[in-house]
Amino acid sequence: MSDNPIHLAPQCSAVTSFPVRQRLLVVDDEVLILEGLTRLLATRDYDVVTANGGCEALIAIGKQQFDAILLDLGMPDLNGSEVLRFVSERGVDTPVIVVSGDSTIDAAIRALRGGAADFVRKPYEPEELLRRIENTLTRRRLEKENNHILQRLQQSEKWHRFLVNSSPDFIYTLDCEGRFTFVNDRVESLLGYSSEELLGQHYSLVIHEDDIARAEHIFNERRAGDRSARNIEIHLKCNPGMRRPRLMNGRCKSVELTATGMYDEDASPFEQRFIGSYGVAKDITERKQAEETVHYQAYHDLLTGLPNRALFRDHLGLMLAQARRTQQPLAVLSLDLDHFKVINDALGHAIGDELLLAVGARLRQCLREGDTLARLGGDEFAVLLPTLVSRSDVDHICRKIIQVLSKPVYVKGHEIYVSVSIGACVAPEDGDMIDSLIRQAEIAMYRAKSQGRSQLQFWEAGMQAPYSERMQIEVDLRRALARNEFVLFYQPQVDTTTGEVRGFEALLRWWHPQRGLLAPADFIPVAEECGVIVPIGDWVLRQAGAQMAEWRHAGLPPVRLSVNISARQLESSDFVDSVMRAVQIYSLDGNLLELEITETLLMRDFEANAIKLGRLSVAGVRIAIDDFGTGYSSFKYLSRFPIHTLKIDQSFVQELDREENMSIVNAMIAMGRGMNLNVVAEGVETEAQRALLQQMQCHEVQGYYYSPPVSSQAATALLGQHARGFEKHGQRVAG
């Protein structure tokens with residue numbers, strides 16, 4: 001075979017023969033996420049193919065090749081882990097970037113062990129995701145080029161040296177005394193040494209002080225074959241005179257080392273002479289940084305940098321063990337800011353985050369060295385106070401915290417006053433189990449809130465009972481849908497001029513098997529907290545749609561049906577689709593379906609809510625502002641939403657005899673009429689209230705004056721009797 005490199009030159013073009021436009025496969029079962037990712041990736045001119053689930057992904061992978069795959073983990077038909085296993089078992093040479101909402105460290109570790117090239121958490125920053133994709137594609141390109149070169153040029157020493165010097169890994173050889181006889185060009189970009197500076201030098205020059213002893217048997221490897229060192233992590237020192245970005249601690253690099261001893265092949269098998277070592281060091285600094293970042297995120301709150309619940313539990317476990325040895329008590333505090341939600345809704349989440357940072361800084365000032373401060377989530381903090389002398393120590397620290405937080409906080413031009421409610425329990429007096437102590441402190445904190453806020457409450461026996469009842473309600477709620485225990489009642493909305501029934505409001509009730517018929521106030525707050533409200537809300541939409549279809553098939557006059565929307569529903573990514581599914585399944589006229597949303601809820605995520613409600617309005621669905629007048633929004637912002645109806649809160653209607661309330665209601669009605677909105681007054685119970693509202697030109701009224709909320713059968717009868725008007729004002733309908 002000729003040594004002339006010209007013979008191989010025509011084939012080298014294959015090294016860079018990759019598609020100019022890189023093709024990505026995006027796999028997710030959420031349509032909106034697929035659309036968003038497609039638009040984002042289009043900005044970088046990627047050729048994007050989408051798959052709505054794991055099964056579609058496998059079909060796409062079988063049909064064509066991709067440069068990278070963006071894969072969600074949680075999918076109903078075939079989850080991301082199974083797709084990863086398929087890619088790995090089939091030997092598909094495509095890097096997979098897992099993009100998942102699962103924030104646990106175990107999910108990231110499982111994905112990386114399953115063969116994923118990278119792991120990105122939802123929600124992500126668009127630029128960060130694009131950077132991760134570009135890095136992965138670059139690594140893939142380099143790996144392909146490196147492998148291709150290796151296959152084609154390994155037969156020639158000249159080409160072999162070229163390959164070694166082009167390798168992304170640091171490659172070296174040592175003589176029998178441990179001095180460098182060869183280093184490739186990678187050493188300069190990795191450690192800042194030129195080849196000339198290292199040749200003839202002892203290998204210890206580049207070994208970190210902590211690894212000198214290990215390096216004697218690894219870096220300077222004498223063993224060969226299966227006994228040689230493989231993928232051993234070790235730290236190398238950078239050239240101290242080199243100016244470079246500060247990676248890790250700025251002075252060393254983490255590498256994965258594979259090394260083997262070299263022996264004189266001309267010697268006899270029984271007298272082989274050791275002539276040196278050969279090694280390859282793969283730079284894993286970025287991987288180590290990523291692992292450290294994942295580990296940090298798993299145990300710290302990303303906003304404040306404080307320990308999170310997991311790390312707080314670890315600290316508490318250690319301190320409990322120490323307390324048993326020293327016989328000294330410790331305390332667990334649960335702290336919750338009072339009325340933080342009001343501040344967040346009124347001033348926005350950005351101001352709320354800045355406030356939490358300021359509160360965290362003030363709390364640190366109140367604590368001793370050795371105390372642990374953690375943020376458990378939202379506006380809830382926890383404190384661990386070890387080595388106490390008595391309960392008076394806890395009382396002293398808590399009084400200091402309450403006093404310090406009572407001073408105003410200045411955030412971006414806003415002067416904000418906050419207070420804190422604190423619950424405390426002491427170990428071992430109140431127990432010595434980690435989760436029990438944390439829970440007891442939280443229950444004591446809730447008791448402090450219920451007794452006036454801005455105070456300290458120690459745990460006492462018996463406080464658990466109300467919360468046990470709440471937990472039982474949560475358990476029962478999760479079973480209620482499957483057991484068909486929910487029911488809708490309907491309250492008519494009546495035209496003030498003609499007495500005609502213009503619509504109904506659908507009101508949820510729960511037939512609890514032990515407690516009987518429960519009103520929303522008895523279970524909706526629990527449903528909101530535990531997330532069950534979303535499937536319940538979907539059930540309400542379907543049930544309301546079925547009722548409207550039943551009235552239509554019965555030949556009854558078409559009337560509007562209003563459905564209340566919860567915070568969790570509106571925030572759900574599936575909200576718009578769930579509403580439209582109900583409209584399509586029951587062939588509803590969108591103009592007859594009205595969604596009631598409170599002012600405060602609308603302002604929680606202004607831009608996102610405006611987009612969602614805009615999509616529904618275009619489809620014909622009506623939007624009503626419920627409990628109008630009790631929120632914190634301005635008319636300027638309300639005008640940005642596609643609103644059709646204002647519902648005046650019953651608190652104003654019930655006190656119409658007060659002059660100031662009459663002026664407020666009159667102004668609300670005038671504003672609604674001026675904006676061409678339908679105005680409905682809630683809570684009308686007397687003829688005097690109805691007459692005043694009619695005089696003010698309020699369009700419709702709702703309340704016990706005409707009818708309480710009634711069953712579907714009674715509502716159907718009422719609609720048949722009074723669709724064209726109540727015969728006389730005040731006629732009641734039996735539930």
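**Aromatic pairs, salt bridges and a pocket**

Let me begin with tyrosine 172, which counts as buried, because its relative accessibility is 0% and buried means under 20%. I should say at once that what we are looking at is a predicted model, so please keep that in mind as we go through the side chains.

When the whole structure is searched for aromatic pairs, 13 of them are found. One of these joins tyrosine 172 to phenylalanine 180, and because the ring planes stand at 85 degrees, with the centres 6.1 Å apart, the pair is described as edge-to-face. Phenylalanine 180 is buried as well, at 3% relative accessibility. A second pair, between phenylalanine 486 and tryptophan 510, is tilted, with 40 degrees between the planes and 5.9 Å from centre to centre. Since phenylalanine 486 lies in strand β18 (residues 486–495) and tryptophan 510 in strand β19 (residues 501–512), this pair ties together parts of the chain that are 24 residues apart in sequence. Are these two residues, phenylalanine 486 and tryptophan 510, buried or exposed? Both of them are buried.

Going back to tyrosine 172, we find that it belongs to one aromatic cluster with Phe170, Phe180, Tyr203 and Phe219. There is also a ring with a charged neighbour, for arginine 509 lies over the face of phenylalanine 489, at 5.9 Å from the ring centre.

Now to the salt bridges. As a general point, side chains of opposite charge can pair when their charged atoms come close. In this model the count comes to 46 salt bridges, and I have picked three to walk through.

The side chains of arginine 132 and aspartate 118 meet at 3.0 Å, N to O, and this salt bridge links distant parts of the chain, with arginine 132 in helix α5 (residues 126–153) and aspartate 118 in strand β5 (residues 118–121), 14 residues apart. Arginine 132 is partly exposed at 21% relative accessibility, whereas aspartate 118 is buried at 16%.

Glutamate 128 and arginine 131 form a salt bridge at 3.1 Å, and here both partners lie in helix α5, 3 residues apart, which is about one turn of the helix. Glutamate 128 is partly exposed at 27% relative accessibility, and arginine 131 is likewise partly exposed at 40%.

In the third salt bridge, the closest N and O atoms of glutamate 233 and lysine 288 are 3.2 Å apart. Because glutamate 233 sits in strand β8 (residues 229–237) and lysine 288 in helix α10 (residues 285–299), the pair ties together parts that are 55 residues apart in sequence. Glutamate 233 is partly exposed at 28% relative accessibility, while lysine 288 counts as buried at 18%. Through salt bridges that share partners, these two residues are joined with Glu256, Arg287 and Glu291 into one network.

I will finish with the second largest pocket, which holds about 1400 Å³ of space. Its lining is made up of 39 residues, and those nearest the pocket centre are Lys341, Tyr446, Pro525, Glu528 and Glu529. Which element gives the most to this lining? That is helix α16, with 7 residues, although several other elements each supply at least two residues, among them α12 (340–347), α13 (349–366) and α15 (434–450). If we sort the lining by class, we find 21 charged residues, 12 nonpolar and 6 polar.

Conventions: Residues are numbered from 1 along each chain as its sequence is written. This is a predicted model: local features need pLDDT of at least 70, side-chain atom pairs count only at pLDDT 80 or more; totals for chains, interfaces and linings use all residues. Side-chain values use heavy atoms; hydrogens and water are left out. A salt bridge is a side-chain nitrogen of Lys or Arg within 4 Å of a carboxyl oxygen of Asp or Glu. Helices (H or I, at least four residues) and strands (E, at least two) are DSSP runs, numbered from the N terminus. Buried means under 20% relative accessible area, exposed over 50%, partly exposed in between (1.4 Å probe, protein chains only). Rings of Phe, Tyr and Trp (its six-membered ring) pair if their centres lie within 6.5 Å; planes under 30 degrees apart count as stacked, over 60 as edge-to-face and the rest as tilted. A charge sits over a ring if NZ of Lys or CZ of Arg is within 6 Å of the ring centre and within 35 degrees of the ring normal. On a 1 Å grid over the protein atoms alone, a cavity is a set of points where a 1.4 Å probe fits but cannot get out, and a pocket is an open set with protein on both sides within 12 Å along at least five of seven lines; lining residues have an atom within 4 Å of a point. Grid points are joined across faces, edges and corners, and a volume is the space filled by probe spheres set on the points. Ala, Val, Leu, Ile, Met, Phe, Trp, Tyr, Cys and Pro count as nonpolar, Asp, Glu, Lys and Arg as charged, and the others, Gly among them, as polar.
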